[in-house]
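Please look over the sequence and the three-dimensional model shown here, and then follow the account below, which takes up the contacts between the parts one after another.

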Number of protein chains: 2
Amino acid sequence: MQPNDQDLAFVMHDLARLMRVRFDQHARTWGMTRAQCVALMKLKCRPGMSQSELAALLEVEPITVGRVIDRLEAAGFVERRPDPADRRMHRLHLRDAAAPIIEKIDEYRAAGIARFHDGVPDEDWNMALSVLLRIKEKILSESADTAAASATAVSGE
Amino acid sequence: MQPNDQDLAFVMHDLARLMRVRFDQHARTWGMTRAQCVALMKLKCRPGMSQSELAALLEVEPITVGRVIDRLEAAGFVERRPDPADRRMHRLHLRDAAAPIIEKIDEYRAAGIARFHDGVPDEDWNMALSVLLRIKEKILSESADTAAASATAVSGE
DNA sequence: TCAAGATGATAAGCAGGGCTATTTTAAGGC
DNA sequence: GCCTTAAAATAGCCCTGCTTATCATCTTGA
């Protein structure tokens, strides 16, 4: 067996999963799911987005966003307003009922960040952050390379 | 908008998602899913597990493992052997057809780890690792507290 | 011994992701 | 102006994961 406990990728994955599960449990007590909460937070920051824009922001497929919005709309948290200029599009807006939920999410986030940061020296924290960012850059640049390569292959150059 | 790009939790989450998606894409080219690959790797390390044991190892619910095994069995990669002593249980074993897949997974992992580590000084890498481990410990101890509290509440003490 | 509880597997139903394909509508190219 | 292409949303299907419930089978204690 590999020493997975000492593999940064594995630990990170584990930790992300733990945080995800914890958040899921809290969200459930509010009658929400994680995906729904994240969508609300993004809409709060930038109202009037189309579903495609939201999908790009969340880095998921438009169809996934569409179904999350279905539920948020049914729950009365979001409304789809037709775009006056482009009849293909819906503009997404929060409704008043979403405000208490958003407040809960913000409280949960602030408390969590404070608790995790507590007891970890700033320089260590920042170092961890910078290493993760470096890895992320690498992955993103690799993905870009791959995308460029496939594009070239498709165009036949 | 919060400075999410500088929030360790968000970056970690993002990065974990990126790695997950990348692996999913590769697994798909082999005709596999990530969950199936992970199950194969665990079974390789410890053949003869029951589904419950595998579920505990993967930290998912037994029903989830059951369905993954359904597919792996249908594909001829795994077999369920009845336990001679306990007729409730199935013992899981790899079949020969799984060997090439396992080799691909191992190659992918080794290459990925090497690439991410490349260019990051060892001390930085280890610092990042230790910060993540500290956060993980905190979350786990909090969960334990919560579990103990609910247990106390249930038992009426 | 036998009834009650614990455990392994599975089913049903819901939610969130993905992929592929379709429909409707805009935007450009001729 | 017409025709082709691109974009927005959606439908259908699959896989994974959760919760809750069911069934069969141990295991244990009165």
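The paragraphs that follow begin with the protein–protein interface and then turn to each of the two DNA strands. The coordinates come from a predicted model, and the description should be read with that in mind.

Between the two protein chains, 51 residues of chain A are in contact with 49 residues of chain B. Together the chains bury about 4,900 Å², and 67% of that buried area lies on carbon and sulfur atoms. Charged and polar pairs also cross this interface, where the rule finds 6 salt bridges and 12 residue pairs in polar contact. On the side of chain A that touches chain B, the elements giving two or more residues are helix H1 (8-29), helix H2 (34-45), helix H5 (99-117) and helix H6 (122-155) of chain A. H6(A) provides the largest share of that side, with 16 residues. Sorted by class, the side of chain A that touches chain B has 26 nonpolar, 7 polar and 18 charged residues. One of the salt bridges can be located on the model by finding Arg17(B) and Glu59(A), whose side chains meet with an N to O distance of 3.0 Å.

The next part to consider is DNA strand D, which is surrounded by 24 residues. The closest of these are Ser52(A) and His90(A) from one chain, and Thr33(B), Glu61(B) and Arg67(B) from the other. Which part of the strand do the atoms within 4 Å of the protein belong to? Sugar or phosphate accounts for 68% of them, and the rest belong to bases. Several contacts to phosphate can be traced to the protein backbone: a polar backbone atom of Ser52(A) is 2.8 Å from a phosphate oxygen of DNA strand D, a polar backbone atom of Glu61(B) is 2.9 Å from a phosphate oxygen of this strand, and a backbone N or O atom of Arg87(B) lies 3.0 Å from one. The elements that give two or more residues to the surface near DNA strand D are helix H3 (51-58) and helix H4 (62-74) of chain A, together with helix H2 (34-45) and helix H4 (62-74) of chain B. Of these, H4(B) gives the most, with 5 residues. By class, the surface near DNA strand D has 8 nonpolar, 7 polar and 9 charged residues.

DNA strand C can be read in a similar order. There are 24 residues around DNA strand C, and those that come nearest are Thr33(A), Arg71(A) and Arg87(A), along with Ser52(B) and Arg88(B). Of the atoms of DNA strand C that come within 4 Å of the protein, 77% belong to sugar and phosphate. A backbone N or O atom of Glu61(A) lies 2.8 Å from a phosphate oxygen of this strand, and a polar backbone atom of Ser52(B) is 2.8 Å from a phosphate oxygen of the strand. Thr64(A), by contrast, uses its side chain, a polar atom of which lies 3.2 Å from a phosphate oxygen of DNA strand C. H2 and H4 of chain A, together with helix H3 (51-58) and H4 of chain B, each supply at least two residues of the surface near DNA strand C, and H4(A) gives the most, with 4 residues. The residues of this surface divide into 6 nonpolar, 7 polar and 11 charged.

Note on methods:
Residues numbered from 1 in each chain as written. Chains lettered and ligands numbered in written order. Predicted model: local features only at pLDDT ≥ 70, side-chain atom pairs only at ≥ 80, totals over all residues. Heavy atoms only, no water. Contact = heavy atoms within 4.5 Å. Buried area = accessible area lost by both parts, 1.4 Å probe. Salt bridge = Lys/Arg side-chain N within 4 Å of Asp/Glu carboxyl O. Polar contact = N/O pair within 3.5 Å; in protein donor to acceptor, adjacent residues only side chain to side chain. Nonpolar A, V, L, I, M, F, W, Y, C, P; charged D, E, K, R; others polar. Near = heavy atom within 4 Å.
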